Amino acid sequence: MTEKIRWGILSTANIGRKRVVPAMQASAHGIVTAVASRNIDAAREYTDELGIATAYGSYEELLADPNIDAIYNPLPNSLHAEWSIQCAEAGKPTLCEKPLASDAAEAQMMVDAFAERSVLFAEAFMYRFHPQTVQVKQMLDDGAIGDLLAVEASFSFRLTREDNIRLSAELAGGALMDVGCYCVNVTRLMTGAEPVTGHAVAHFGATSGVDEVLAGVLKFESGIVGHFDCSLRGQHNHRYHLRGTHGKITVEEAFVMSPDRATFIRWWQAGPDGDTYREITVPPANSYTLMADDFALALIDGRPPRYAPQDGVENMRVIDMLLQSARA
Ligand SMILES: NC(=O)c1ccc[n+]([C@@H]2O[C@H](COP(=O)([O-])OP(=O)(O)OC[C@H]3O[C@@H](n4cnc5c(N)ncnc54)[C@H](OP(=O)(O)O)[C@@H]3O)[C@@H](O)[C@H]2O)c1
């Protein structure tokens, strides 16, 4: 294999077109070689727009292409499992969008399908690769706020089209699946543990049938609590706040950081003479490129990805628990 892996893109999904493919094209370790769509004209329009060599009119053709080293799967959530498993069967390393599947059982089948064949697999939770997330986790581990007591998170935005995949129950949409999954993920990342209980309340759309606004609470064995809210109908907002025995940290631009702008970690620490406050500037970084690089280097060097795919299954278990609670 060359030092640059050759990516194939499964569908003309918006997130690929706008963010992930340009980030892969900016990566030192990958090139985007082909795109597949259910519609060959859509695939050709996409390859023309982004300067990609090959357009396919079916997903099967992409999986059969021997010149593709890895697949990026940004299909609707309900199709992540079916097509990722087909990638595994075709021996194609795969980076699959978040949330990993429709539920934890499906997610586990995906992880097993790749593990059985020793094929690389990872979930595309890009915010984890941003230096801001890495630094906050390091600060926590270094005791910057004492013992962690509570994680508060939120992620909302306002959908502009009613035919969006996020409003389809059949395609496994909903606020928790789409954006609440980040809140669950960051809570698990920062605590370094799995919650023992979780409860949620939600507003289910009368037409869509999916949770359009949801609030959840999580409790961990250690006594840490997590609480969050997410929405497909609210003002754009994505943040988390960590409270500890001796300080607190706030991150206002938490999940979708601009590659062109610095972000800030706000840190209060209790001291003998009162609280000290510092604002830490994190230089701009492209989370998607860092994620694509990690995957490519894992493939080139034959090492595991930075975040094990099993993490995606554990995230789905929490999502399942919360959705069950909200429906009850
Ligand atoms: N990590 C992130 O920052 C991020 C951000 C946004 C979304 N996402 C994730 O990325 C995935 C895609 O989201 P998106 O907003 O980009 O989706 P989208 O624009 O609606 O694209 C989904 C694509 O899936 C294909 N598809 C196959 N069967 C379909 C069906 N029955 N209905 C609709 N589309 C179908 C279509 O491509 P063809 O017509 O070309 O076959 C379509 O373009 C989701 O899992 C989402 O959670 C991640």
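## Worked exercises on a predicted model

Ala172 sits in the loop between strand 7 (148–158) and helix 7 (175–191). Keep in mind that this is a predicted model. We'll start with that loop residue and work outwards.

**Exercise 1. Work out whether Ala172 is buried or exposed, and say what its phi looks like.**

*Step 1.* Count the neighbours: there are 22 other C-beta atoms within 10 Å of Ala172.

*Step 2.* The cut-off for buried is 20 or more, so Ala172 is buried.

*Step 3.* Now the backbone: phi of Ala172 is near 60°, a positive value in a residue other than glycine.

*Step 4.* For context, most residues other than glycine have a negative phi.

**Exercise 2. Do the same for Ser118: which loop holds it, and is it buried or exposed?**

*Step 1.* Find Ser118 in the loop between helix 5 and strand 6 (121–123).

*Step 2.* Its phi is positive, about 55°, although Ser118 is not a glycine.

*Step 3.* Ser118 has 8 other C-beta atoms within 10 Å. The exposed class takes 12 or fewer, so Ser118 is exposed.

**Exercise 3. Find the cis peptide bond and place its proline.**

*Step 1.* Check omega between Lys98 and Pro99: the value is about -20°, and the bond joining them is cis.

*Step 2.* Pro99 belongs to the loop between strand 5 (94–96) and helix 5.

*Step 3.* As a reminder, most peptide bonds are trans.

*Step 4.* Lys98 turns up again in the surroundings of Ala124, whose contacts beyond four places in sequence are Leu95, Cys96, Glu97, Lys98 and Met291.

*Step 5.* Ala124 itself is in the loop between strand 6 and helix 6 (131–141), and with 23 other C-beta atoms within 10 Å it is buried.

**Exercise 4. Describe how helix 4 and helix 5 pack.**

*Step 1.* Two numbers do the job here: two packed helices are described by the angle between their axes and the distance between the axes.

*Step 2.* For helix 4 (residues 80–89) and helix 5 (residues 104–116), the angle is about 10° and the axes are 9 Å apart.

*Step 3.* Angles under 35 degrees count as roughly parallel, so helix 4 and helix 5 are roughly parallel to each other.

*Step 4.* List who makes the contact: helix 4 supplies Ala81, Ser84, Ile85 and Ala88, while helix 5 supplies Glu106, Met109, Met110, Ala113 and Phe114.

*Step 5.* Sort the residues of that contact by class, and you get seven nonpolar, one polar and one charged.

**Exercise 5. Lay out the two domains and what passes between them.**

*Step 1.* Split the protein chain into domain 1 (5–124 + 289–307) and domain 2 (127–285).

*Step 2.* Their C-alpha centres lie 26 Å apart.

*Step 3.* The contact takes 10 residues from domain 1 and 11 residues from domain 2.

*Step 4.* On the domain 1 side, the residues touching domain 2 are five nonpolar, three polar and two charged.

**Exercise 6. How many residues surround the ligand, and which domains do they come from?**

*Step 1.* The count around the ligand is 21 residues, and the closest are Ser11, Thr12, Ala13, Asn14 and Ser37.

*Step 2.* Break the shell down by class: 11 nonpolar, six polar and four charged residues.

*Step 3.* Trace the shell back to the domains: at least three residues come from each of domain 1 and domain 2.

**Exercise 7. Compare the settings of two strand residues, Trp7 and Asn237.**

*Step 1.* Trp7 is part of strand 1 (residues 5–10), and Asn237 is part of strand 11 (residues 233–244).

*Step 2.* Trp7 has 28 C-beta neighbours inside 10 Å, so it counts as buried.

*Step 3.* Asn237 has 15 other C-beta atoms within 10 Å and is therefore partly exposed.

*Step 4.* Leave aside residues up to four places away in sequence, and Trp7 touches Met24, Gly30, Ile31, Val32, Thr33, Ala70 and Tyr72.

*Step 5.* With the same filter, Asn237 is in contact with Ser154 and Ser156.

**Exercise 8. Place Asp142 and classify it as buried or exposed.**

*Step 1.* Asp142 falls in the loop between helix 6 and strand 7.

*Step 2.* There are 8 C-beta neighbours inside 10 Å, so Asp142 counts as exposed.

*Step 3.* For a long-range check, the C-alpha atoms of Asp142 and Glu212 are separated by 37 Å, with their positions 70 residues apart along the chain.

Methods: Residues numbered from 1 in each chain as written. Predicted model: local features only at pLDDT ≥ 70, side-chain atom pairs only at ≥ 80, totals over all residues. Near = placed C-beta within 6 Å. Nonpolar A, V, L, I, M, F, W, Y, C, P; charged D, E, K, R; others polar. Domains from an automatic or database assignment. Axes fitted to C-alpha atoms, helices over the stretch in contact; angles between N-to-C directions. Helix = DSSP H or I, 4+ residues; strand = E, 2+ residues; numbered from the N terminus. Parallel < 35°, antiparallel > 145°, perpendicular 65-115°, else oblique. Contact = placed C-beta atoms within 7 Å.
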